[in-house]
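Visitor: Please take a close look at the aromatic side chains of this protein and how their rings pair.

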Amino acid sequence: MRALARRLARLLELGVLGIALAALGLPSATAAATLTGTAHVQVDAREMPRGILKVHLQLPVRPGPLTLVYPKWLPGRHSPSGPITDLAGPVLHSGTERIAWRRDDVDMYAFHLEVPAGASMLDADFEVLTSPRPDGAVYGLEAPRTATESLAILEWHQVVLYPADSNTDELQYQAEVRLPAGWKYATALRGAQEGPHGVRFEATSLTTLVDSTLLTGRYFESFELGGSPPVRLHVAADGAGALHLAPETLEHYRRLVAEAQALYGPAHYRHYDFLYVLTDQIMPDGLEHHESSDNRSPQRTFLDDDVRRAEANLLPHEYTHSWNGKYRRPAGLATRNYQDPMRTELLWVYEGLTEYLGDVLAARSGLLTPEEFRSELAHDFAGLKTHSARSWRSLEDATIAAQLLYVQPRDWAARLRRQEDFYHESALLWLEADTLIRRLSGGRRSLDDFCARFLGGTDGGPGGAPTVRPYDLEEVVSTLNAVQPYDWRKFWEERVQRAGAELPEAGLIQSGWRPELTAQPAVMHRAHEADDRDTDLRFSLGFYVSDDGTIEDVIPGSPGDAAGLGSLDRLIGVNGRRWSRDELHDVLEGSLRGATTVTLVADKNGVYRSVDLHYDGGPREPHLVRVEGSADLLTLIARPRASAAH
Ligand SMILES: [Zn+2]
């Protein structure tokens, strides 16, 4: 998964619903049970644009007590966010006999029942009802919206039940799906056969089914990206025009495959499918799978250069996860099924290293120019600098509490909360590790060598079926030591485990570049403003404003903070005129000529007030500037490695 965009801040306020249970008085079944054969899941996805999935599930079972569970801990989401409040059902039958169930009193995802004597099959019917609101709650107990009038993302975890205490690698499920008429589709599932009731795929483990999201759409196009095993890009958009992928961008995606394989070594998939939706109706996001990834960007990503730049590291990030996250996985995340809790303390490796490598691969493949790559790092660092929570909360605490951070409100983000800093902060720490290896080895080795050792194993054979090799901190440290002897344990302890650790600036400095705020326009600052649809004045007046005037966050110690602005104030006016992005930028330009008082009119819950901000700093946007006399390692890091022929 990737870090959430700022503009999602407002979408994330989460109400946890209480669920009233109807006590049926059934005995609680706790015995482990498993399936006696292959389960069949039939999904009618024709009404997904309305937010309705209809499911018929056939489970081969033995008579006796049985507990069925609905997936709770979702791989890649790192949180117990299975959309249980969307589950309408199940209604259970064995033959013609209705089977009663009773929900567990503690675990809301578990249903206890008794399979009658002589029965060998249990039928479950249910619907999954997703909110049609684009600003529905996300990552909580209901699913984010995943369908529009023209496309849909089918996540199989939403449509399955399975016996409690199972190992999902050992359960076999066969899926069949009816799609809206005329829509095309793509998925990493294989063996598709068209039948009267839709598309039927070959049976797989439940693990692989849940790991093989299906993308379908009316406006749909597929592109070959080369590679061995082969990689394809499938794009579904809300309009035909949005599918116009520029030839040079397609070439950059083809280079991404070559650069990733040059960096990581053998692939751990039999084929790989990028699933990419371009829509403004679904929250931008990315979710990794072993043999595919589920990528979601704004509709104009291929058409608008700023949005394209801002989204450039999405596919490199999710593709990297096939190696770092899926094949190699922290032991605490390599769980047996979707009910066992995940332990997320090593997300600074899972997500942080991936975030760094995603940026590096975006640069090596040409998706970002070297200047854009530097600008992206400057933007990430400047964002971290505005946050103050590191004074009480270590990076490790942010990783352990990831399940809270993904769903917390974004209001007051810059004050004493931490965000999912195991993305950007860890990425800059991995840059520091990279520059350290390069310096200590006299330029002979780099983090690329760590990646080849750590991510590039050949268990199962290159191109073989997906396998998982769990790791712990000890292996991270020992592999780094094998590449370049150093006290890596202390290196990470100081940076990850300590509250109040220094800002992650050292990697930038060692790479030959110093972060600075200047009045010059910064390419990625502008790109993210366009992508997030906001005006980002965090580094000058000290707040940012969404396109409807809502102040999303106020930076402690900034002029906006001193003037008493707060999250969710609504900006009405600037210096006696209706507020606009241009008015705010004019004010900043004017302040270059001397100290300025800016008068803002803000609306808080219907109460208008006027506030004066005193400012003399001009526009301030984040850049990297060369540290004179030092080696330019960043340019070396961004240099392509794959041969031109691929
Ligand atoms: Zn990720």
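Guide: What follows covers the ring pairs and then two charges placed over rings. This is a predicted model, in which local features need pLDDT of at least 70, side-chain atom pairs count only at pLDDT 80 or more, and totals for chains, interfaces and linings use all residues. Residues are numbered from 1 along each chain as its sequence is written, and side-chain values use heavy atoms, with hydrogens and water left out.

Rings of Phe, Tyr and Trp (its six-membered ring) pair if their centres lie within 6.5 Å; planes under 30 degrees apart count as stacked, over 60 as edge-to-face and the rest as tilted. By this rule there are 24 aromatic pairs. One of them joins Tyr-269 to Tyr-319, tilted, at 6.3 Å centre to centre with 40° between the planes. Tyr-269 sits in the loop between H2 and strand E19 (272-278) and Tyr-319 in helix H4 (residues 314-320), so this pair ties together parts 50 residues apart in sequence. Helices (H or I, at least four residues) and strands (E, at least two) are DSSP runs, numbered from the N terminus. Tyr-269 is buried at 0% relative accessibility, and Tyr-319 is buried with a relative accessible area of 0%; buried means under 20% relative accessible area (1.4 Å probe, protein chains only).

The pair of Trp-430 and Phe-450 is also tilted, because the ring centres are 5.6 Å apart and the planes at 35°. Trp-430 belongs to helix H10 (residues 424-440) and Phe-450 to helix H11 (residues 447-455), 20 residues apart. Both Trp-430 and Phe-450 are buried. Ring pairs link them into a cluster whose members include Trp-348, Phe-454 and Tyr-471.

Arg-328 lies over the face of Phe-454, 4.7 Å from the ring centre. A charge sits over a ring if NZ of Lys or CZ of Arg is within 6 Å of the ring centre and within 35 degrees of the ring normal. Arg-626 is placed over the face of Trp-513, at 5.6 Å from the ring centre.

Note on methods. Buried means under 20% relative accessible area, exposed over 50%, partly exposed in between (1.4 Å probe, protein chains only).
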